[in-house]
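Me: I would like to learn how to read the features of a model like this one. Could we go through it together?

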Amino acid sequence: MNKTGRYTRQPSNDETSQAAMDRDGVGYSLRGLVAQMRSSGNRWVQPGPAGDTDPNVTTVRLAESYGFCWGVERAVRMAYEARLAYPGRKIWITNEIIHNPTVNNRLIDMGVGFIDDVAGKGKDFTVVGEGDVVVLPAFGASVEEMLLLTDKQVQIVDTTCPWVAKVWNAVDNQTRKDHTSIIHGKWAHEETVATTSFASKYVVVKDLAEAQYVCDFILNGGDAEAFRAKFVNALSEGFDPEADLVRIGLANQTTMLKGETQAIGKLLERTMMERYGPADLKDHYMVVDTICDATQERQDAVYDMMADLEGTDESKKVDLVLVVGGFNSSNTSHLQEIPEVRNVPSFWIDTADRIDVAGGKIEHRMFKGDMVTTENWLPAGPLRIGVTSGASTPDRAIEDALDAVFRTRDPSFTGIKLAEEDLAGGEEYHELDASEV
Ligand code: SF4
């Protein structure tokens, strides 16, 4: 695609787009509450109403790691830059740029169109015409989609995270060496759909138990039909477990848990060593480190918050957890799951609109997907709130949610003043070298 002259895969980091992102609250907070918390030890103390003898002091603890990963921020930035770089041209995105409703709605407001994904038929590219601009999302697009768009002679802005591209390279390499890719991921997730398009033979395993099933087959054989039935939708076409599991390689969906991907890698390696012997292992098993830490770091930060509930340091304890992130974001659902399974009151919202300030209610989602409304969710008196957000959630979403919390607890609250100058913000870019991708 590079050779077409109609392909961009790096941000230009122009200041006008940065200013527009700040205005719209779709990037890292530089002066708002989140930026101010970041520069004061991830803490905030919000007094209650003036003159209250038992004030509703709210202490906020922001998780050590939270919100936008750098790959997602980079994708949003490139979409904004595309709008500026191609004024007057129709811009399309092949899917949600990221799993966040606020960001996606903002792009719609800017005249960016989303290509419909028609159930059972795939994406409807008929709307895209020659000369249009098409933005590929952070989790990438399949090989077929990229070829189709190249044929349509469109300008492609490829925001695929370099870490995702690194996984594709690993899979491409496995295919060239006639290895089957064992992909730790969810077969229907857009990133994994794109990753499988680089493999000629693959199995998608969603967890360690499914990987164990594959390994048992490698070691002991079994019923090929039952294997195909178990992994229906998660296998390459015509997959034959007897012939196609002799040489394998590991790959991953970047938002899966790092620890689980590593455990699956060790299991596969042990299995192939047992089956073919240590001397021949390299002919039967390929592995490259393609794990991105972003998802794991956000979850570890919530585990730390939970561990502190058992400790003696009162200043680290929270009474409830507020989780902010899109409802179709799987990494955010894990952030909700961690306190929920420990029976710590936790409230997952996608936007601040879920908080009914006047009614003192919140409509929130449980990690398994049920929507619940809780009345009087913010008890009177001093309250300690832990806050986190998913890897596709801009800082402004946390700021809006906390604004609603403070207004609920203090009707006279009028907002947090912006810092007078920009504060250090967000995760640093670490673009990979061309040799790494
Ligand atoms: S989670 Fe990691 S791989 Fe995925 S977009 Fe973010 S930085 Fe990239």
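Reply: Happily; let's begin with the ligand. The residues that come nearest, out of the 14 around the ligand, are C69, G71, C161, W163 and C292; a residue is near a molecule if its C-beta atom, placed from the backbone, lies within 6 Å of it. Keep in mind that this is a predicted model, where local features need pLDDT of at least 70, side-chain atom pairs count only at pLDDT 80 or more, and totals for chains, interfaces and linings use all residues. Residues are numbered from 1 along each chain as its sequence is written.

Me: Which elements give two or more residues to the shell around the ligand?

Reply: Those are α3 (70-85), α6 (162-176) and α13 (294-310). Helices (H or I, at least four residues) and strands (E, at least two) are DSSP runs, numbered from the N terminus. Three residues come from α3, the largest share of the shell.

Me: How many residues of that shell are nonpolar, polar and charged?

Reply: The shell has ten nonpolar residues, four polar and no charged. Here Ala, Val, Leu, Ile, Met, Phe, Trp, Tyr, Cys and Pro count as nonpolar, Asp, Glu, Lys and Arg as charged, and the others, Gly among them, as polar.

Me: What describes two packed helices?

Reply: Two things: the angle between their axes and the distance between the axes. Axes are lines fitted to C-alpha atoms, for helices over the stretch in contact, and angles run from 0 to 180 degrees between N-to-C directions. Take α1 (residues 15-24) and α3: their axes come within 9 Å and cross at roughly 115°. The crossing of α1 past α3 is right-handed, as the near helix is turned clockwise from the far one by less than a right angle (anticlockwise would be left-handed). On the α1 side, T16, S17, A20 and M21 make the contact, and on the α3 side V76, R77, Y80, E81 and L84; residues are in contact if their C-beta atoms, placed from the backbone, lie within 7 Å.

Me: At what angle do α13 and α14 pack?

Reply: At about 15°, with the axes of α13 and α14 (residues 330-340) 9 Å apart. That makes α13 roughly parallel to α14; angles under 35 degrees count as roughly parallel, over 145 as roughly antiparallel, 65 to 115 as roughly perpendicular and the rest as oblique. Their contact residues include R298 and Y303 of α13 and H334 and I338 of α14. By class, this contact holds six nonpolar, four polar and one charged.

Me: Now the sheets. In what order do the strands of the open sheet of five stand?

Reply: The order is β1-β9-β8-β4-β5, with parallel pairing; two strands pair if DSSP finds at least two bridges between them. β1 (7-8) and β5 (112-114) are the edges, each with a single partner strand, so one side of each is left without a neighbour in the sheet. Four bridges link β8 (residues 133-136) with β9 (residues 155-158), and V133 is opposite Q155 in β9. Helix α3 lies across β4 (91-93), β5, β8 and β9, at about 175° to β8.

Me: And what is the strand order in the open sheet of four?

Reply: There, β11-β10-β12-β13, again with parallel pairing. Two bridges join β12 (residues 248-252) to β13, where I248 has Y285 as its bridge partner. Helix α6 packs on this sheet, touching β10 (180-184), β12 and β13. Helix α11 also packs on the sheet, touching β10, β11, β12 and β13, and its direction makes about 180° with that of β12.

Technical notes:
Contact = placed C-beta atoms within 7 Å.
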